[in-house]
Amino acid sequence: MRLTGHAIMTAALLLFSAAAQAKEPKWVKKAVNSVFEIVAYDQDGQETGRSRGFFIDTNGTGITDRSILAGAASAVTIDAAGTSRPVNIVLGADDMYDVVRFSVTPDKKLCAVPLSNAQATEKSDVRLLPYTRDRKPQTVGMEVRTCQEIAGKRFYYTLDAPWQEQYTGCPVFDEDGDVVGIVQKGQDGDACTYLLDANFVSNIQIAAMSLDTRAYQDISIRKSLPQDPDQALAYVIMKQSTLLSSDYCRLLEDFLYQFPDNPDGLFNMGSYLILETDSTSFERGIQYIEQSIEKAGADDRDRFHCDYASLIYNCIVEGQAHPSDWTLDKALDETVKALEINDQPQYYQLKGNILYAMKRYQDSYDSFVRLNSTSLASPDTYMFCYSINRQMGGSAELGLALLDSALMKYPTPMPRQAASVLLERALHKEEMGLNREAVGDYNKYEELLGSYNMSARFYLLREQVEIKAKLYEPALADIDRAIEIEPADSSLILEKGSLLLRVGEYEKALPILLELVSTYPDSGEIHRLTGVCYMRRGDDDKACYHLTTASSLGDTVADPLIPQVCK
């Protein structure tokens, strides 16, 4: 049979096509299903761009150029068979080399290509596999022109073929069918195709601090947290105070998506649902917390019992809305469970706080005494014991011993933080009648904080205890300092006049008191003190006038003095 020219041409094309197919390596037929087109969409579902990429493992890990996901809220991959797979999470990105690694949900039909562990050498032959939907793949042969080492002993290549836009994101293979790299974006008219080592992309790790960098900021698709759970948890904790409640909730969800059995993630989610939402989420919140305790290791479970107790306690004492079955008794029960597992000092502090809130003061005191026998004893823990002792009406001697212990916990030289304890001990000693010792503590208090920081009230307090200690000279100096700070305070001026009278300096006291009488003629106390001054001078008439005036103004202390001067 004679063939027509058209038939001859068709046959020739078929033979040429078969020959071309026969020249393709065996691995191409399978590899073609690993290459995909990726389509990105914004929040409104509008397409924002397309590119190509390929899967590098059967777990659904794919790589492509990062810029395609910039501004994207979602994306989907479409392989050669037309199978669509939504992008679930971004696993790593690099904005310098414009690459991103992500994950889709794997299935039995998903194909992946192996990455080469060897460096491609200059002048070695490689094959580029474009994305295709016709299931008749044809590779593009190229030769490595240059090879440059970059970070982490990875490589950047130039190939001796012009770049074409449809090559971007496609894989380039060595002769064994292992992927050398991913094609990079070029510019129109580039004489070379650029290739980034695919192992570089597969090894990009997200660190806690990198999530806030440019590489990730403009990608709205869910991003992986660091692969190390401790780093990931540190990032979650760090962002809690900076994110809106809804954004923080999403971050917690991301953490649990990545580490579904992590006890800290479960507990944090439970706490969030109780503290940051309404009562409809309480039940779920408790479920998360109970799961966290269940998932915690035997050596760590006590910490979660303690955290649970602390959460319950804080909600109650701060008036935060909480589940109805949360009580101080439940908080105490969780603390006891923690102590039964691990006898840690800090648990005694929480136990003491809970017992104090329950008004079980002696039990609370005993718990803090137990704490004070450990390495966590501090000025604060001794001061708490001191406060409880006063609340229970305990002995003054025990109170003083606790104050002494609190001060001994401070280093030498004593820091400024010790000032409040010194002042409390001064007041306590004054109550005990240890007036000279109290003055000593007032002096240390002033020395520690500096005279320029002292108030008129401080000098008045020290002056009054100095009077009790019969230290009249320093008492006069202190009342003068008080008046210097608050010269308009007439009560301080009256105190000075009274002190001068007490020490026999009635000639100095009289002009002070007379000036006060003219300003406050209705003050029985001032008239009485003025009358006493005149008594000391022997001026009975004036003494009689001021004392009877004081009595008429209701000052009963003046009454027994009146017969001595009014004849």
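**A walk through the predicted model**

Let us begin at helix 21, whose buried residues pack against helix 19 (490-502), helix 20 (506-519) and helix 22 (540-552). Here helices are DSSP runs of H or I with at least four residues, strands are runs of E with at least two, and both are numbered from the N terminus. Buried stands for under 20% relative accessible area, exposed for over 50%, and partly exposed for what lies in between, with a 1.4 Å probe and protein chains only. Contact, the basis of packing, is heavy atoms within 4.5 Å.

Two remarks on the source are useful before going on. This is a predicted model, in which local features need pLDDT of at least 70 and side-chain atom pairs count only at pLDDT 80 or more, while totals for chains, interfaces and linings use all residues. Residues are numbered from 1 along each chain as its sequence is written, and side-chain values use heavy atoms, with hydrogens and water left out.

Back to helix 21 (residues 524-537): 10 of its 14 residues are buried, so the helix is largely enclosed by the rest of the structure. Among the buried ones are Gly524, Ile526, His527 and Arg528. The length of helix 21 also agrees with expectation: at 1.5 Å a residue it should span 20 Å, and its end C-alpha atoms are 20 Å apart. The expected span is 1.5 Å times one less than the number of residues. Glycine 538 follows helix 21 and has a positive phi, near 90°.

Now for some backbone details in the loops. Most residues other than glycine have a negative phi, and most peptide bonds are trans. Lysine 359 has a positive phi, near 65°, and sits in the loop between helix 11 (345-357) and helix 12 (361-371). Lysine 470 also has a positive phi, near 60°, in the loop between helix 17 (456-468) and helix 18 (472-485). Are these lysines buried or exposed? Lysine 359 is exposed, with a relative accessible area of 63%, and lysine 470 counts as exposed at 57%. A cis peptide bond, with omega about 0°, joins threonine 412 and proline 413; proline 413 lies in the loop between helix 14 (396-408) and helix 15 (419-431).

Another loop, between helix 12 and helix 13 (379-391), holds asparagine 372. Asparagine 372 is buried, at 10% relative accessible area. Its side chain makes a polar contact of 2.6 Å with that of threonine 381. A polar contact is a pair of N or O atoms within 3.5 Å; within protein, one must be able to donate a hydrogen and the other to accept it, and residues adjacent in sequence count only if both atoms are side-chain atoms. Leaving aside residues up to four places away in sequence, asparagine 372 touches Ala377, Thr381, Tyr382 and Cys385.

The strands offer another view: 6 of them form a closed barrel in the order 7-8-9-12-11-10, with antiparallel pairing. Two strands pair if DSSP finds at least two bridges between them. Within this barrel, 3 bridges join strand 11 (residues 179-183) to the antiparallel strand 12 (residues 193-197), and isoleucine 182 has leucine 196 as its bridge partner in strand 12.

Finally, a look at confidence. The chain averages a pLDDT, the predictor's confidence in each residue from 0 to 100, of 92, and 96% of the residues score at least 70. Over residues 1-22 the pLDDT is below 50, and this stretch has 4 contacts in the model beyond near neighbours in sequence.
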